[in-house]
Each structure stands twice: as C-alpha cells, then as structure tokens.
Amino acid sequence: MAAGALRGLVAVLETYRGRDRVVRALCYGCQLAGGALAGPQAPPSGLPGSLLAVSAQLSACRTALRLFDDFAMLSYSCGYGLGPKDEDGLVRGLSVLSNLANQLYYPCEHIAWAADAGIIRVGSQKWWTLSTALWAFSLLLGILRSLRVLFQLRRKLRTSSPRSQKETKAQVKAEVLSILTDAADLSNAIHWLPPGFLWAGRFPPWLVGLLGTISSLIGIYQASGGGNSEAV
C-alpha cells in the first residue's frame, strides 16, 4: 500500500501540473503555519520566520515556472475559440472573457518578474498590480460562469431521469467546488491589490495561507477525479 502511494506521488510530481499543485499547497501551507505561529510578532523569527521564508521561495519558484505557460494558455484559448455553439451563450461569453484575462495575465506577470530581477528597467509594482487585477477578474468571471451552470443544472435535475440525475449531481458538485476554489483565490487576489480597494492589504499571513491552502487542496481533490472536474 505504501509502495502504491509512493508510485502515485512520483507520478504526480513527474508532471508539470501535478508538481505545481503540490508546490502550491506547500507554499500556502507554510504561510498558514508560519503566520499562525508568528502571531502578532513582526518581523517573525525562528521557526515562523523560516516557514514564511520557505513559502516566499516556493512562490518565487512558481512565478519563474509560469514564464513558460503562455503558449499552453494560448493553445487552450484557441481551442475553445468562441465556445461550442450548443453551449449557453452567457457561459460562452464568460469563458471567452476569462480566457482573455488569463492570456493577458501572463505577459504582465513576466514583465513584473523581469523588472524585479533587473532584466528590464521599468517599475514592477504597476505590472504586479495589473497582473493581480487580471487574475482577480478571471476568478470573478469563473464564479459567475459556475453560478450560471449551476442554475442550468438545477433546472435539468427537475426533468432528468434517475440515471441522468446522478451525472448531473456530479456536475453540480464539481461546479460548487470550483466556486469555493475561485472564491478563496479571489479573496487573496483582492488582498494583494493596492490598499484602499475593499479589504486590500488587510489579511494577516495566516489567513492568506488558510485561503490558499483550501483552494489548493480542493484543486488536488478535483485533479484526482474526486470533483469530477480537472483543476487548472
């Protein structure tokens, strides 16, 4: 049983998406633990400081690896296009806008990363803000899309056969999990926007870590097939 679990873990870590999910969960988990142990202490030292440092390094690692995500996103966006013609028009519109926001997110983040690394001479803060805003916009669109799909599935449940109802309920579960994931990430995205907008800058590290850990674990669960939906 242990050997099977080890083989499963190795199989996950050998793929880019699988490794990213694990690194993401560890990143937010370290931030949750470090922030909780540090309490009001600023700046944190000892074990809390070390955990937060590990979290920062893992986050930087993910940022660097996303330098190569543009083409994968472009391939997905081109493959989806304007969406299947038999799909709901509102769902298609929200999906297209979300794909566009995601596509623009990557170059903005790349510019911010390059500026911080001293590769190009521009101010990085405005590019970090723009990339975060695009991410937040994409997450909001994802929530609206899932709510629209849930509304359609609710109507479908009323008229479907018992066999179809089982499949529909699985779809409902997947959309609910997607909403929870996007809502947790959206909360953090707003926190990382410039102060003065909603709750921007007000979350303590442990809360950022908690929300990120929740969304990461749901993503791992979905990727394993538990949510009947592939997490991105």
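Student: Where is E167 in this predicted model, and why is E167 called exposed?

Tutor: E167 sits in helix 7. Its relative accessibility is 52%, and the label "exposed" asks for over 50%, so E167 counts as exposed.

Student: How far apart are E167 and L157 in space, C-alpha to C-alpha?

Tutor: The two are 9.8 Å apart, with their positions 10 residues apart in sequence.

Student: What makes G118 exposed?

Tutor: G118 has a relative accessible area of 56%. Exposed means over 50%, so the label fits G118. This glycine lies in the loop between helix 5 and helix 6. From G118 to Q222 the C-alpha distance is 38 Å, and the pair is 104 residues apart in sequence.

Student: S124 has its place in the loop between helix 5 and helix 6 too. Is S124 buried or exposed, and how do you know?

Tutor: S124 is buried: its relative accessible area is 14%, and the cut-off for buried is under 20%, so the conclusion follows directly. Helix 5 covers 89–116 and helix 6 covers 125–159. Leaving out residues up to four places away in sequence, S124 touches A112, A115 and D116.

Student: Why is Q31 counted as buried?

Tutor: Set its 17% relative accessibility against the limit of under 20%, and Q31 counts as buried. Q31 belongs to helix 2, residues 16–38. Beyond its neighbours within four places in sequence, Q31 contacts L52, S55, P205, W206, V208 and G209.

Student: Let's go to the loop between helix 7 and helix 8. What makes A200 buried?

Tutor: A200 has a relative accessible area of 5%. Buried means under 20%, so A200 qualifies. Not counting residues up to four places away in sequence, A200 touches I190, H191, L193, P194 and P195. The C-alpha atoms of A200 and L134 are separated by 15 Å, with the two residues 66 apart along the chain.

Student: L198 has its place in that loop between helix 7 and helix 8 as well. Why is L198 called partly exposed?

Tutor: Its relative accessible area is 48%. Partly exposed covers what lies between the under 20% of buried and the over 50% of exposed, so L198 takes the middle label.

Student: What is notable about the phi of L198?

Tutor: L198 has a positive phi of about 50°, although it is not a glycine. Most residues other than glycine have a negative phi.

Student: Which residues make up the largest nonpolar core, and what makes it a core?

Tutor: There are eight: A136, L139, I143, L150, I179, L186, A189 and I190. They are called a core because such a set holds buried nonpolar residues joined through side-chain atoms within 4.5 Å. Helix 6 and helix 7 (162–191) are the elements that give two or more residues to this core. As for I143, its contacts outside the four neighbouring places in sequence are I179, D182, A183 and L186.

Student: What lines the second largest pocket?

Tutor: The lining consists of L9, V12, T15, G18, R21, V22, I220, A223 and S224, and the volume is about 150 Å³. Helix 1 (2–13), helix 2 and helix 8 (205–223) each supply at least two lining residues. The largest share, three residues, comes from helix 2.

Student: How do the lining residues of the second largest pocket divide by class?

Tutor: Five are nonpolar, three polar and one charged. Gly counts as polar here, so G18 is classed as polar.

Student: Now the whole chain. How many helices and strands are there?

Tutor: The protein chain has eight helices and zero strands. From the N terminus on, the order reads α-α-α-α-α-α-α-α.

Student: How do you know that the radius of gyration agrees with a compact globule?

Tutor: For 232 residues, the globule rule puts the radius of gyration near 17 Å, and the protein chain has 19 Å, so the two are taken to agree. Along the principal axes, the C-alpha atoms fill a box of roughly 60 × 50 × 35 Å. Buried residues make up 38% of the 232. Among contacts with a separation of 6 or more, 62% join residues 24 or more positions apart.

Methods. Residues numbered from 1 in each chain as written. Predicted model: local features only at pLDDT ≥ 70, side-chain atom pairs only at ≥ 80, totals over all residues. Heavy atoms only, no water. Helix = DSSP H or I, 4+ residues; strand = E, 2+ residues; numbered from the N terminus. Buried < 20%, exposed > 50% of the residue type's maximum accessible area, 1.4 Å probe, protein only. Contact = heavy atoms within 4.5 Å. 1 Å grid on protein atoms, 1.4 Å probe; cavity = no way out; pocket = protein on both sides within 12 Å on 5 of 7 lines; lining within 4 Å. Points joined across faces, edges and corners; volume = space filled by probe spheres on them. Rg over C-alpha atoms; globule rule 2.2 N^0.38 Å.
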